[in-house]
Amino acid sequence: MLMVLEPPPQYNIPYHGQVIEYVLPLDQARNLCRVHGAWADACAWESKGVCYIVIPKDGPVKDLNAYRRHEKAHCLGWVH
């Protein structure tokens, strides 16, 4: 079973700012992530206080909330 890595508790907190989320077909999500330097199914970046999250709607992991937690943590500074 595939899983998304859970962020450490200190990064599994609300993001205090605007969050813009894109839920896209897997190939489109991968392409947008590559544009932002991530070779992954999902990704996130922060710009000017806005957290941008890209999640595949038909990715290998069906739990979209797991992707959300993981990617939001990157906007909060988590590096792994």
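The following passage describes the sheet and the two numbered helices that pack on it in a predicted model. Residues are numbered from 1 along each chain as its sequence is written, and side-chain values use heavy atoms, with hydrogens and water left out. Because the model is predicted, local features need pLDDT of at least 70 and side-chain atom pairs count only at pLDDT 80 or more, whereas totals for chains, interfaces and linings use all residues.

Three strands form an open sheet in the order 1-3-2, with mixed pairing (strands are DSSP runs of E of at least two residues, and helices runs of H or I of at least four, numbered from the N terminus; two strands pair if DSSP finds at least two bridges between them). Strand 1 (18-24) and strand 2 stand at the edges with a single partner strand each, so one side of each lacks a neighbour in the sheet. Strand 1 and strand 3 run parallel and are joined by seven bridges, and V23 stands opposite I55 in strand 3.

Helix 1 (residues 26-35) packs on this sheet, touching strand 1, strand 2 and strand 3 (contact means heavy atoms within 4.5 Å).

Helix 2 (residues 64-75) has 12 residues, which at 1.5 Å a residue should span 16 Å, and this agrees with the 17 Å between its end C-alpha atoms (the expected span is 1.5 Å times one less than the number of residues). Its buried residues are A66, Y67, H70, E71, K72, A73 and C75 (buried means under 20% relative accessible area, with a 1.4 Å probe and protein chains only), and these pack against strand 2 (43-47) and strand 3 (50-56). After helix 2 comes G77, whose phi is positive, near 105°.

Key:
Buried means under 20% relative accessible area, exposed over 50%, partly exposed in between (1.4 Å probe, protein chains only). Axes are lines fitted to C-alpha atoms, for helices over the stretch in contact, and angles run from 0 to 180 degrees between N-to-C directions.
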